[in-house]
Structure formats: C-alpha cells, structure tokens
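Welcome, and please open your viewer. We will go from stop to stop, selecting a few residues each time.

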Amino acid sequence: MLLPRKFDGRIIILQNDNSKTRVVVGMSGGVDSSVTALLLKEQGYDVIGIFMKNWDDTDEFGVCTATEDYKDVALVADQIGIPYYTVNFEKEYWDRVFEYFLAEYRAGRTPNPDVMCNKEIKFKAFLDYATELGADYVATGHYAQVTRDEAGLVHMLRGADDNKDQTYFLSQLTQAQLQKVLFPLGHLEKPEVRKIAERAGLATAKKKDSTGICFIGEKNFKQFLSQYLPAQKGRMMTFEGRDMGEHAGLMYYTIGQRGGLGIGGQHGGDNEPWFVVGKDLTQNVLYVGQGFHHEALYSTSLDASELSFTRDMPDTFEMHCTAKFRYRQADTGVTIKVNGDKVDVVFDEPVRAITPGQAVVFYDGEECLGGGLIDHAYKNEAVMQYQ
Ligand SMILES: Nc1ncnc2c1ncn2[C@@H]1O[C@H](COP(=O)(O)OP(=O)(O)OP(=O)(O)O)[C@@H](O)[C@H]1O
C-alpha cells in the first residue's frame, strides 16, 4: 500500500477494487471543489478528496488558513462520505511557482502565478501523486470543460459560465495532462453550484469565494512583496520629460494601472486620471500618462515564449484565431506565427495595456488552444519603448 508523504487524514484503503473509476478530487475547502466531489460521488465514481498544502502562512498566533480550509474539507468529505487527506507540496510550490513569481517581478514583469500553479502543481505534482494513488483521473472545481472526440483527443472548452471561465489559467496544460482531468462544474453557472451545495447542506455552501493570489490572500500586496524583494524608489516621469515625483519601486506597478500613483489631476491641467504607461528598468523610471486611452498604452503585436498547446500542433505554422491577453478580457482577433515554443502575435486591432509576464491565450471558437507568456509588445513593428 502506498502511503501519502504526509498523512494527516482519515485512514483509507488505497487499493482500488477495479470495479469503479477512481477520481482524486483537489479539495480546497471552497464551495466549488466541494460540489465537484459531491457530483462525482453521485455519479458513482470511487472518489478521494485531497487537500494540498502549498504555502505556510502561520501567523504569530499560530493561525494558518490552510488549517481552517482543511477543516472544511474534512467536514464536507464526511458529509459526502468519501475518504480525504492532505499532502504537502510546499517545496514544489516554492521552487516551481514562487521562485518564478519573484524572478518575474525582479525582471520588471507581471507574472501570473495561477497559470504556473496549474501547470506545475495542480496538474503535475498533484496529478503525478494522484496517479501513484491509483487515480484514473484528477478533478478540480475549475470552470472549464473537457470533451473527448472520436479519435480520443481531449479538447478543452471554455466554462459555460462566461463570468467564471478559467481556461485562461489552464492554458498551459498539455494533451497528456488533459487526458487525465475532469472538470465536473464546467457546464454549470456559479449560482447553480451554490444551489447544489445548499440543497445538499454542504458545510461550505455559503463560504465566501477566495480572491486574489492564493499565497497573498487579503494581505497588502506591496508589503508582501517587499518581504522578498528590495524595493528601489525612483523617478516617475511623463514621456515628455516632466518629473511627476517619486515611485515606490517598479515592481509595484502594472502597465495600464490606474491609481496608487499619488498624482492628482492638478499636474495635468485637465481632470483625466493618470495611468502607468511604461517602465524603464535600466534607468529605474516609471512612465505615467493621462487618460485611459493614452496612446502609449496601445500596441499592435507581441511576442511570447513558453508556448504550449492543449493538443499536438506542428512546430511551425501560422493561423488566424482569437486571443486573450489577461483574465476577464474579451477575445480579440489575431494572427499567430508559431516557431517552436515561441510565437509572434499580430492583432487585428490595436490592444490596450499588453503586460509582459502575463499569459496570452489562444481560442478557436469555444476551444482553448493553449498559450504563452508575453515577452514584449510592439507598436507598428517597433518594440514598445520602455517595456
Ligand atoms: N489547496 C488545494 N488543495 C486541493 N485542491 C485545490 C486547492 N486549491 C485549489 N484546488 C483545486 O483547484 C480548483 C480551482 O482553484 P481556485 O483557487 O480557482 O479555487 P476556487 O475557484 O476558489 O474553488 P473552490 O471554491 O473550490 O476554492 C479548486 O476548485 C480545487 O479543485
């Protein structure tokens, strides 16, 4: 019998009786994964709930959100009648997600740790672990759909709930990973999920949704980051060369960001708000400009690396499809030129606030084709100044 590395749950028999398909559900203690486990159990699968501890946030009073969340996993698993336990991936998370997160900020980019967490932890470390436990599939409460075609190929489609679709964060999953996943909530709208939880009387039915980056939670972002990276104050300028004061450290700002700049309308002569329009890492200068539609915020193409597709694609090709450059953004028509794990993306229309470090994700209608990580934005062939 294979024992979990850090056993902390109810004793379970890990031998599969082979009569049922075994599904390991990633249970976070939230309502989505609670309903995921419930639905799979109702569908007759052999369900095991596993809580991953990826981050130690124990405070000075010894309180840790993971401990609280694991209690909810235990309550729900008992209600549903499934075995559960916890596994510790703090080291993997630190090495593969957090180090990347810090390196990106150090390089003046704005990383997306959720994309990396899905690629490296939930659908790699966790998936490998579940496979060792005899799982046929792993399931999560992500809002995305997987369908299998006649050839056995899995296609990842957007979640039915437009508001919740999470394919953007799952865009780095490969066909091999997708072959092993189930997203039982993909065809549901979030309010329906809450209703299912309430009807079943699940302990997490009314639990608030988690927001923001998981390891930062409700904490102050600046304060959190300053614990790991030294902030270097510098000048804040307009492209016209006007000195607008001091910035707190380039890593605290994102291209297109409004607010947090400490500049009022009085500097500009009109009342248009100020936005971050560029960063010059070598000079440690933050560029600001007035107006949401500031010209410097618009670009016409980008290049990206770490390109990954959800199904096998040729090494080089060109196609027209749609793309998203950040979560919660409508798709835009683009032409992509793929070369190995690099891609050039030319937009049908100029796009605002392309942010290096964020994911660019490609869609063919409802299907998520994959994506890469944005390196540079360009304006009419010229690399955007100061990005
Ligand atoms: N600590 C964890 N342990 C196990 N699985 C997890 C954990 N965190 C997230 N997951 C899985 O990944 C899915 C998506 O994670 P995300 O952080 O987006 O959660 P969410 O949308 O708030 O869902 P939930 O309501 O289940 O917390 C969850 O539904 C769950 O299946």
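The tour of this predicted model visits the ligand and then some aromatic rings.

**Stop 1: the ligand.** Select the ligand and show what lies around it. You should find 16 surrounding residues, and Gly26, Ser28, Asp32, Ser33 and Met52 are the closest. By class, this shell holds 9 polar, 5 nonpolar and 2 charged residues. Colour helix H1 (31-42) and strand S2 too: each of them supplies at least two residues of the shell.

**Stop 2: polar atoms at the ligand.** Which residues place a polar atom beside a ligand oxygen? Start with Gly141, where a polar backbone atom is 3.0 Å from an oxygen atom of the ligand. Next pick Val31, with a backbone N or O atom 3.3 Å from a ligand oxygen. Then select Lys122, whose polar side-chain atom lies 3.4 Å from an oxygen of the ligand. The protein buries 84% of the 580 Å² that the ligand exposes when taken alone.

**Stop 3: aromatic rings.** The whole structure has 28 aromatic pairs. Select Trp55 and Phe224, a tilted pair with centres 6.2 Å apart and planes at 45°. Trp55 sits in the loop between strand S2 (46-53) and helix H2 (65-80), while Phe224 belongs to helix H7 (residues 221-226), 169 residues apart. Both Trp55 and Phe224 are buried. Add other rings of their cluster, including Tyr93, Trp94, Phe98 and Tyr228.

**Stop 4: charges over rings.** Finally, select Arg158, which lies over the face of Tyr363, 4.1 Å from the ring centre. Arg352 lies over the face of Phe275, at 5.3 Å from the ring centre.

How values were computed. Residues are numbered from 1 along each chain as its sequence is written. This is a predicted model: local features need pLDDT of at least 70, side-chain atom pairs count only at pLDDT 80 or more; totals for chains, interfaces and linings use all residues. Side-chain values use heavy atoms; hydrogens and water are left out. Rings of Phe, Tyr and Trp (its six-membered ring) pair if their centres lie within 6.5 Å; planes under 30 degrees apart count as stacked, over 60 as edge-to-face and the rest as tilted. Helices (H or I, at least four residues) and strands (E, at least two) are DSSP runs, numbered from the N terminus. Buried means under 20% relative accessible area, exposed over 50%, partly exposed in between (1.4 Å probe, protein chains only). A charge sits over a ring if NZ of Lys or CZ of Arg is within 6 Å of the ring centre and within 35 degrees of the ring normal. A residue is near a molecule or strand if one of its heavy atoms lies within 4 Å of it. A polar contact is a pair of N or O atoms within 3.5 Å; within protein, one must be able to donate a hydrogen and the other to accept it, and residues adjacent in sequence count only if both atoms are side-chain atoms. Accessible areas come from the Shrake-Rupley method with a 1.4 Å probe; for residues, only the protein chains shown count as cover. Ala, Val, Leu, Ile, Met, Phe, Trp, Tyr, Cys and Pro count as nonpolar, Asp, Glu, Lys and Arg as charged, and the others, Gly among them, as polar.
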